[in-house]
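Hi everyone, thanks for coming. I'd like to walk you through one model today, going from the overall picture down to a few side chains. Here it is on the screen.

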Amino acid sequence: MSFIQKKHDVEESGLTRVFSRGETREDYADAWAGTGNVILVGLPGAGKATLARGIAEALGKDVCEPETVDQALAALAKSDGIVVLADVLVREEAVRSILHGAGKVLYLLRDARSLAESVFRDGDDFDALWQGTADRLERMEPVFYSVLHFIIQPESPDEMLQSALEKISF
């Protein structure tokens, strides 16, 4: 499966720009000027709730975990909060269409096996859970990529928090 959707011709095809630690992108500033929201997206088991608690403690922000589209829209319309969105909400067009401009979107990226291991409970069929998670990840990953600003890779909770705080500071 290829995630490349379109081919674009550019005037200076050999031109590159590398961003280093501590350097901000000017084009992000306008999008975040009116909101201080931090929005966490990812599949169940990625660590969104744990990371949200850590960010809330570090920055003194409130955490909101909406369960419906209307609740998600209301949370995203506010500013200066932490919004934890389930993948089923990110998939909804009404949410997705405003998500990128509603704050800094962090996608917690994990592989299907580790996601399945995180949500596995005694009595579950692990292989079926793993396959279901892999299928869900295949459907949702392009959606997450379409709304993200930053990716948080799987690390220890402390390392994830430090990575998130660094990205939020941009």
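Let's start with contacts. If you take the contacts in the protein with a separation of 6 or more, residues 24 or more positions apart account for 68% of them. Please keep in mind throughout that this is a predicted model.

What is the chain made of? The protein has eight helices and five strands. Reading from the N terminus on, the elements run α-β-α-β-α-β-α-α-β-α-α-β-α. Buried residues make up 37% of the 170 residues. As for the surface, the protein exposes about 10,200 Å², and carbon and sulfur atoms supply 49% of that area.

Now to strand 1, which covers residues 38-41. Which way do its side chains point? Val38 and Leu40 go one way, Ile39 and Val41 go the other way, and all of them are buried. That fits a general pattern: in a regular strand the side chains alternate between the two faces of the sheet.

Strand 1 has partners too. It pairs with strand 3, residues 82-85, in the parallel sense over four bridges. Strand 1 also runs parallel to strand 4, residues 104-108, and four bridges join those two. Val41 is a handy residue to follow here: its bridge partner in strand 3 is Leu85, and in strand 4 the bridge partner of Val41 is Tyr107.

Hold on to Tyr107, as that residue leads us to the rings. Ring pairs link Tyr107, Phe144 and Tyr145 into a cluster.

How many aromatic pairs are there in total? A search of the whole structure finds four. One of them is Phe120 with Phe126, an edge-to-face pair at 5.6 Å centre to centre, with 75° between the planes. How covered are these two? Phe120 counts as partly exposed, because its relative accessibility is 29%. Phe126 is at 18% relative accessibility, so Phe126 counts as buried.

Phe126 also pairs with Trp130, and this pair is tilted: 5.9 Å centre to centre and 40° between the planes. Why are those two separated by about one helical turn? Because Phe126 and Trp130 are four residues apart in helix 7, residues 126-147. Trp130 has 32% relative accessibility, so Trp130 counts as partly exposed.

Trp130 has another visitor, and this one carries a charge. What sits over the ring of Trp130? The charged end of Arg113 does, 4.4 Å from the ring centre. Arg113 belongs to helix 6, residues 112-119, and Arg113 counts as partly exposed because its relative accessibility is 36%.

Which residues does Arg113 touch, leaving aside its neighbours within four places in sequence? Arg113 is in contact with Phe126 and Trp130, and those are the two residues of the tilted pair we just looked at. Arg113 and Ala134 make another pair to look up: they are 21 residues apart in sequence, yet their C-alpha atoms are 7.6 Å apart in space.

So, to wrap up, two places to visit when you open the model yourselves. Go to Val41, with bridge partners Leu85 in strand 3 and Tyr107 in strand 4. Then go to Trp130, with the charged end of Arg113 over its ring. Thanks, and I'm happy to take questions!

Note on methods:
Residues are numbered from 1 along each chain as its sequence is written. This is a predicted model: local features need pLDDT of at least 70, side-chain atom pairs count only at pLDDT 80 or more; totals for chains, interfaces and linings use all residues. Side-chain values use heavy atoms; hydrogens and water are left out. Buried means under 20% relative accessible area, exposed over 50%, partly exposed in between (1.4 Å probe, protein chains only). Two strands pair if DSSP finds at least two bridges between them. Rings of Phe, Tyr and Trp (its six-membered ring) pair if their centres lie within 6.5 Å; planes under 30 degrees apart count as stacked, over 60 as edge-to-face and the rest as tilted. A charge sits over a ring if NZ of Lys or CZ of Arg is within 6 Å of the ring centre and within 35 degrees of the ring normal. Contact means heavy atoms within 4.5 Å. Accessible areas come from the Shrake-Rupley method with a 1.4 Å probe; for residues, only the protein chains shown count as cover.
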